[in-house]
Amino acid sequence: MVIACVIDNGAYSIKIDYSNMPEARIIPNCIMKAKSEKRRPFIGDQIDECRDASGLFYILGFQKGYLVNWEAQKTVWDYVFGEQCCKLNLKEADVIVTEPYFNFASIQEGMTEIFFEEYDCQSLLRVNSGDLSAYHYTKTNPKTLCCLVVDSGYSFTHIIPYIKGKKYKSGIVRIDVGGKLLTNHLKEVISYRQLHVMDETYVINQVKEDLCYVSCNFNKDMKTSQRKDDKNHIVRDYVLPDYTTIRRGHVVQPGQAIQNDYQKLRLSNERFTIPELLFHPSDVGIKQMGITEAIVHAISQCPPESHSYLYNNIVLTGGNMKFAGIKERIYNDVRCLVPEEYDVSVYLPDDPITYSWKGGALLSERNDFLSRVVTKEEYEEEGTQACYEKFDV
C-alpha cells in the first residue's frame with residue numbers, strides 16, 4: 001500500500017496529511033496581516049498566535065477560484081510542508097493535489113513544475129476534489145453506478161455528475177456563489193443595519209459559521225423573525241470578541257445578561273437570508289440558477305438511463321454544506337422538481353470539508369494507484385505533456 005501525501009488545496013483552506021492518518025489537518029490557505037502587529041505576517045494557522053485579530057488584511061493565493069498569486073501560495077506551502085507545521089517530506093512522497101474544474105493550462109503547468117522542481121516529489125497526481133469525493137462515495141457504496149457531487153466551497157459551487165466513476169463534463173454546472181460571497185454580503189447587511197464591519201472579514205465569517213442556517217420554510221421563518229414577542233425563536237445576539245478576555249465571539253439568547261457590556265450584534269432574518277443566496281443568486285444580481293435548479297439541469301444533460309441513479313445519489317461536500325438544514329432543503333426542493341417515478345436521496349457526510357481528502361487517502365490504497373500518477377522520471381523525460389496524457393481534469 002502506498003502512503004501518499006494528500007493535499008486538498010482549497011481557496012480558503014488546505015486539507016492535508018499523509019494518507020495513513022485518520023484525519024486531515026485543516027489550515028487556512030492565506031497570509032494575514034493584523035493592525036496590532038504590522039511587522040509580522042501570519043501564515044496559515046499562525047493566526048492563532050495573533051493577539052488582536054480585528055481588521056485583518058488577507059493575502060490570498062486564489063482569486064475567483066483560480067490560483068493566480070504564486071508568491072502567496074508558495075509562501076503558504078513552504079510553511080505548511082515545513083517543520084513549523086505538518087513536517088511533510090515531499091522528496092519521498094507520492095503527492096495527490098487537487099485543482100479547480102476546467103483549470104487553465106498555465107496554472108496546471110505551474111503547479112506541476114513547483115511540485116517536481118521545487119519540492120522534488122517522487123510522483124504527482126493532479127485531480128479535482130469532486131473526483132475524490134465521488135470515489136469516496138462509490139468506495140463506501142460499492143453498488144453505486146452513478147452519483148452527483150454538489151461541491152460548494154469558498155469561490156464557487158459546482159454540480160458534477162459522475163457515471164461509472166467518470167465525470168460527465170457536459171453536465172457540469174458552476175454557480176458563482178461560495179462562502180466568500182456569503183460572508184461579504186453579511187458584512188454589507190450588518191454594516192447597513194447596525195455596525196460598520198466591512199473590515200472585519202475574520203470575525204463576520206465566524207458569525208456566519210456560528211449563527212446562519214438554511215430555512216426549509218422561508219416565508220414562515222420571515223414572519224417569525226418579524227415578531228416582537230417571545231415566540232420569535234430566530235433572533236439571537238452575538239457577543240463580539242475583544243481579544244482581551246474573549247478570543248472568539250459566541251451566541252447568547254436575547255435578554256441574557258452579558259458581563260462587562262461587551263459589544264454585540266443582533267441577528268434575526270440575516271441568519272437564514274444569507275445562505276438563501278445559494279438557492280437564489282439573483283437576489284444579489286447574479287443571473288444564474290440556484291443549487292436545486294442546477295442539480296435538475298445537470299442531470300437533464302446526462303444520458304436518460306443515468307437519471308434515476310443520479311437523483312438517488314446526491315452527495316453534498318464543501319464548507320457551505322455545514323449550514324444546518326441544508327440537506328433537508330435540497331431534498332425538499334429537488335423532490336418538488338422531479339417526477340414521482342424517481343427516488344431522491346441526499347447524502348451529507350459527517351464532515352463535508354474533509355470528505356474529498358479522505359477520498360484521496362482511499363484512492364492511494366488502490367492497487368493501480370501508481371499507474372495513475374506521473375513519476376519524476378516521466379516528468380524529466382516528457383515534461384508537463386506527461387500530465388496531459390494521464391490526468392483527466
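User: Which word describes how helix 8 and helix 10 lie to each other?

Analyst: Two packed helices are described by the angle between their axes and by the distance between those axes. Helix 8 and helix 10 are oblique to each other (under 35 degrees counts as roughly parallel, over 145 as roughly antiparallel, 65 to 115 as roughly perpendicular, and the rest as oblique). Helix 8 covers residues 291–300 and helix 10 residues 326–337; they pack at about 50 degrees, with axes 9 Å apart. Axes are lines fitted to C-alpha atoms, for helices over the stretch in contact, and angles run from 0 to 180 degrees between N-to-C directions. Helices (H or I, at least four residues) and strands (E, at least two) are DSSP runs numbered from the N terminus.

The model is predicted: local features need pLDDT of at least 70, side-chain atom pairs count only at pLDDT 80 or more, and totals for chains, interfaces and linings use all residues. Residues are numbered from 1 along each chain as its sequence is written, and side-chain values use heavy atoms, leaving out hydrogens and water.

User: Which residues of helix 8 and helix 10 make the contact?

Analyst: Helix 8 contributes Ile291, Thr292, Glu293, Ile295 and Val296, and helix 10 contributes Ile330, Asp333, Val334 and Leu337. Contact means heavy atoms within 4.5 Å. By class, six of these residues are nonpolar, one is polar and two are charged (Ala, Val, Leu, Ile, Met, Phe, Trp, Tyr, Cys and Pro are nonpolar, Asp, Glu, Lys and Arg charged, the others, Gly among them, polar).

User: How many residues are in the largest nonpolar core?

Analyst: A nonpolar core is a set of buried Ala, Val, Leu, Ile, Met, Phe, Trp, Tyr and Cys residues joined through side-chain atoms within 4.5 Å. The largest one here has 58 residues, and those with the most contacts inside it are Ile159, Ile295, Ile314 and Ile330. Helix 8 gives the most to this core, six residues. Beyond its neighbours within four places in sequence, Ile330 is in contact with Phe279, Ile291, Thr292, Ile295, Leu316, Met321 and Val346. A second, separate core of 52 residues includes Phe115, Tyr119, Leu132 and Phe369.

User: Is Val344 buried or exposed?

Analyst: Val344 is buried, at 10% relative accessible area (buried is under 20%, exposed over 50%, partly exposed in between, with a 1.4 Å probe and protein chains only). Val344 sits in the loop between helix 10 and strand 19 (346–347). Val344 and Tyr311 are 33 residues apart in sequence, yet their C-alpha atoms are 5.0 Å apart.

User: At what angle do helix 4 and helix 5 cross?

Analyst: The axes of helix 4 (residues 179–193) and helix 5 (residues 201–211) cross at roughly 100 degrees and come within 9 Å. Helix 4 and helix 5 are therefore roughly perpendicular to each other. Residues in this contact include Leu182 and Leu186 of helix 4 and Ile204 and Val207 of helix 5. The contact of helix 4 with helix 5 has five nonpolar, four polar and two charged residues.

User: What is the phi of Phe102, and what is that of Asp120?

Analyst: Most residues other than glycine have a negative phi. Phe102 has a positive phi, near 55 degrees, and Asp120 also has a positive phi, near 55 degrees. Phe102 lies in the loop between strand 9 (94–99) and helix 2 (105–118), and is partly exposed at 49% relative accessibility. Asp120 lies in the loop between helix 2 and strand 10 (123–128), and is partly exposed at 28%.
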